[in-house]
Amino acid sequence: MILFECERPQDGPFIETLLDTVFGPDRVRKSSYRLREARPPLAEFSQVAREGAQLLATVRYWPVIIRDMLTGTQTDALLLGPLGVHPGKRGRKLGQTLVRRSLAAVDSAGVAHVILVGDPAYFKGFGFHPALPRYITMPGGVDADRLMIRSSGLSQSLPSVGQVVPCIDYTARSAATSDHLTAVR
Ligand SMILES: CC(C)(COP(=O)(O)OP(=O)(O)OC[C@H]1O[C@@H](n2cnc3c(N)ncnc32)[C@H](O)[C@@H]1OP(=O)(O)O)[C@@H](O)C(=O)NCCC(=O)NCCS
């Protein structure tokens, strides 16, 4: 039986191995990894699919900030990803189920914005829209054309020119905004 559940601290090394299989070890050179270096993923939203002892799929979330390059104001968001399904287990709705379940948790926590760098054809079905014509870039100034955003109806407006930066002081910020968000230790 396949189980979907929140990631546990002991899953960490197995998730890294799965992600190496899915994306290759060079994955850590992608700009999105610059947003993940400073802290662990968020435990409440990061989920796995497992069958017995085997880890089949993972989705992880990190807190980020979208900085308005014109006004300097900052907007909190979550970065969805990496999302990876073991090559031998694709096409069985594991990816879809992980994304739907984790986004339900994100919505329950009242998070306004989720961003990702990914394939629009896959993610549009989950309520993500291209960030363009807003010009929002990842570290290094790249990925404006592949960035997608999912915002709740009540969310504050996003910058027209923005940059996604790591959320370094997340603990303090989260205390002010939500008690639900903690990190995998
Ligand atoms: C993309 C990925 C997560 C999908 O997981 P999955 O469990 O195989 O997908 P699901 O079974 O939930 O969904 C399958 C559906 O998505 C579609 N799909 C899969 N990958 C897609 C892609 N890159 N673009 C568009 N559609 C895609 C399939 O055609 C299928 O459509 P259907 O239901 O109409 O037949 C998986 O293929 C994967 O790990 N790929 C490599 C890593 C990656 O690209 N991650 C996403 C970016 S972070």
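Student: Before we look at any loop, how are helices and strands defined here?

Tutor: Helices (H or I, at least four residues) and strands (E, at least two) are DSSP runs, numbered from the N terminus. With that in hand, take proline 133: it sits in the loop between strand E6 (129–130) and E7. A cis peptide bond links leucine 132 to proline 133, with omega about 10°. Residue numbers start from 1 along each chain as its sequence is written. And keep in mind that this is a predicted model: local features need pLDDT of at least 70, side-chain atom pairs count only at pLDDT 80 or more, and totals for chains, interfaces and linings use all residues.

Student: What is the mean pLDDT of the protein?

Tutor: pLDDT is the predictor's confidence in each residue, from 0 to 100. The protein's mean is 90, and 90% of its residues reach 70 or more. Over residues 178–183, though, pLDDT stays under 50. The model has 14 contacts beyond four places in sequence for that stretch, where a contact means two C-beta atoms, placed from the backbone, within 7 Å.

Student: Back to cis bonds: which residues does the one with omega of about 5° join?

Tutor: Glycine 81 and proline 82. Proline 82 is in strand E4.

Student: Nice. How do I read strand pairing, and in which sense do E1 and E2 pair?

Tutor: Two strands pair if DSSP finds at least two bridges between them. Strand E1 (residues 2–6) and strand E2 (residues 47–51) pair in the antiparallel sense over 5 bridges, and glutamate 5 stands opposite valine 48 in E2. E2 also pairs in the antiparallel sense with strand E3 (residues 54–68), over 5 bridges; there, alanine 49 has alanine 57 as its bridge partner. That hairpin has 2 residues between the strands, and glycine 52 takes a positive phi near 60°.

Student: Which strands does E9 join up with?

Tutor: E3 runs antiparallel to strand E9 (residues 161–166), with 5 bridges joining them, and aspartate 68 stands opposite glycine 162. Strand E7 (residues 135–137) runs parallel to E9, with 3 bridges; threonine 137 stands opposite glutamine 163 there.

Student: Which residue in the loop between E4 and H2 should I check, and is it buried or exposed?

Tutor: The rule goes by C-beta atoms placed from the backbone: a residue is buried if 20 or more others lie within 10 Å of its own, exposed if 12 or fewer, and partly exposed in between. Lysine 93 is in that loop, and its phi is near 70°, a positive value in a residue other than glycine. Lysine 93 counts as exposed because it has 12 C-beta neighbours inside 10 Å. Then there's aspartate 143, in the loop between E7 and strand E8 (147–151). Its phi is positive too, about 75°, although it is not a glycine. Aspartate 143 has 18 other C-beta atoms within 10 Å, so it is partly exposed.

Student: Last one: which residues come nearest to the ligand?

Tutor: A residue is near a molecule or strand if its C-beta atom, placed from the backbone, lies within 6 Å of it. Of the 17 residues around the ligand, Arg90, Gly95, Gln96, Ala121 and Tyr122 come nearest. Strand E4 (74–85), helix H2 (94–108) and helix H3 (120–123) each supply at least two residues of the shell, and E4 gives the most, with 5 residues.
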